[in-house]
Amino acid sequence: MEYFTNYQLVNGVEAEAFCKSESIKRQSLLRRDGGDMSLELADVLGMCTSIEPCNNPACQVCNTRNRLEKNKELLARVYGDENYYKLVTLYYYSEAMDDLDFSDWDVRDFKNRVYENFEEIQFEGIADGWIEYNFDQRSWMWVPSIKLVMTEDKASLKILNERVKSEPVNRCFHSFIESVMIVEEINDFEKVFSNDHTSMAKMIDKYEDISGKEKVDRYPLEPKRAVLSYLMQGQKELSDFYFTYENWS
Ligand SMILES: [Zn+2]
């Protein structure tokens, strides 16, 4: 696959090899689950080839290829101005779901909410990125988030942060939400959409460090929830998870 040529993800793991082995792992989890939908999805992933890609969002190979394509397009759009962009992650605790709601999550509906936020703050510039979701073990809910490359505009970011923060959340989140927005420097534009395998949901949980201080980390999903996340992805289109916004008024 040409998109993977010389492309590296984290820890020097080659993208293509990593994605293929991830796909095989998913197929075996789906087959072990044994439900009709799971078996059907395992077949789809199993038949994916570089000549006839399945283009299913649950396929790590197609998903990564799609990200690399979108990243290329974005790089072409911002070329020469890369320093004016930041990586922004927004956590929408207000949109958290239990397993049942997550299994038929309307991703487009969520995406529209994010668009609305951008319209409301009259954001000027480019915001491109991916919808993600993780299972928060502290609340037993799936929390959607969005990771965006955004034109740096401190005033807009501040308003956006306040807006997302002001959304009402389920009581179970009250004790531990610290921030809903993380702003990071972009060190390597070419890897910004691929270096953390953002299409792979994780479990978020707390732990105590050696000094007894409570911290939070990401862990692999337990098999049942991993299957749930593949089935949710499997019913969607690759483009459903991609967000793009541009406004220069
Ligand atoms: Zn595929």
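1. The pairing of Met203 is a convenient place to begin. Met203 stands opposite Tyr219, a residue of strand β6. Met203 itself belongs to β5, where it also faces Phe135. The coordinates discussed here and below are those of a predicted model.

2. These contacts belong to two strand pairings. Strand β5, residues 203–208, pairs with β6 in the antiparallel sense over 6 bridges. Another pair in this antiparallel arrangement is Lys206, whose bridge partner in β6 is Val216. On the parallel side, β2 is joined to β5 by 2 bridges.

3. The connection between β5 and β6 deserves a remark. The two strands form a hairpin with 5 residues between them. Within that turn, Gly212 has a positive phi of about 85°.

4. How many residues of strand β6 are buried? The number is 0 of the 6 residues in 214–219, so β6 lies largely in the open. Strand β5 is likewise hardly covered, with a count of 0 buried residues among its 6.

5. Helix α5 offers a contrasting topic. The helix covers residues 107–120, and its 14 residues should span 20 Å at 1.5 Å a residue; the end C-alpha atoms are 20 Å apart, which agrees. Phe110, Val114 and Phe118 are buried in α5. These three cover an arc of only 90° around the axis, which puts them on the same side of α5. The general rule is that an α-helix has 3.6 residues a turn, so residues three or four places apart point the same way.

6. Which residues are exposed on the other side of α5? They are Asp109, Asn112, Glu116, Glu119 and Glu120. As for the buried residues of the helix, what covers them includes β2 (125–136), β3 (141–151) and β7 (242–247). Strand β2 thus appears in the cover of α5 and also in the parallel pairing with β5.

7. Two residues call for a check of the backbone. Most residues other than glycine have a negative phi. Gln122 is not a glycine, yet has a positive phi of about 50°. Gln122 follows α5 and lies in the loop between that helix and β2. With 10 other C-beta atoms within 10 Å, Gln122 is exposed.

8. The second such residue is Asn55, which has a positive phi of about 55° although it is not a glycine. Asn55 is found in the loop that runs between α2 (36–46) and α3 (60–78). Is Asn55 partly exposed or buried? Asn55 counts as partly exposed, because 15 C-beta neighbours lie inside 10 Å, whereas a residue is buried if 20 or more do so.

9. The overall composition may be stated briefly. The protein has 7 helices and 7 strands. Read from the N terminus, the order of elements is α-α-α-β-α-α-β-β-α-β-β-β-α-β.

10. Overall dimensions complete the note. A compact globule of 249 residues would have a radius of gyration near 18 Å, and the protein has 18 Å, which agrees. Along the principal axes, the C-alpha atoms fill a box of roughly 50 × 45 × 40 Å. Buried residues make up 32% of the 249 residues. Among contacts with a separation of 6 or more, 68% are accounted for by residues 24 or more positions apart.

Terms used: Residues are numbered from 1 along each chain as its sequence is written. This is a predicted model: local features need pLDDT of at least 70, side-chain atom pairs count only at pLDDT 80 or more; totals for chains, interfaces and linings use all residues. A residue is buried if 20 or more other C-beta atoms lie within 10 Å of its own, exposed if 12 or fewer, and partly exposed in between; C-beta atoms are placed from the backbone. Helices (H or I, at least four residues) and strands (E, at least two) are DSSP runs, numbered from the N terminus. Two strands pair if DSSP finds at least two bridges between them. The radius of gyration is taken over C-alpha atoms; the globule rule is 2.2 Å times the number of residues to the power 0.38. Two residues are in contact if their C-beta atoms, placed from the backbone, lie within 7 Å. The expected span of a helix is 1.5 Å times one less than its number of residues. The arc is that of the directions from the helix axis to the C-beta atoms.
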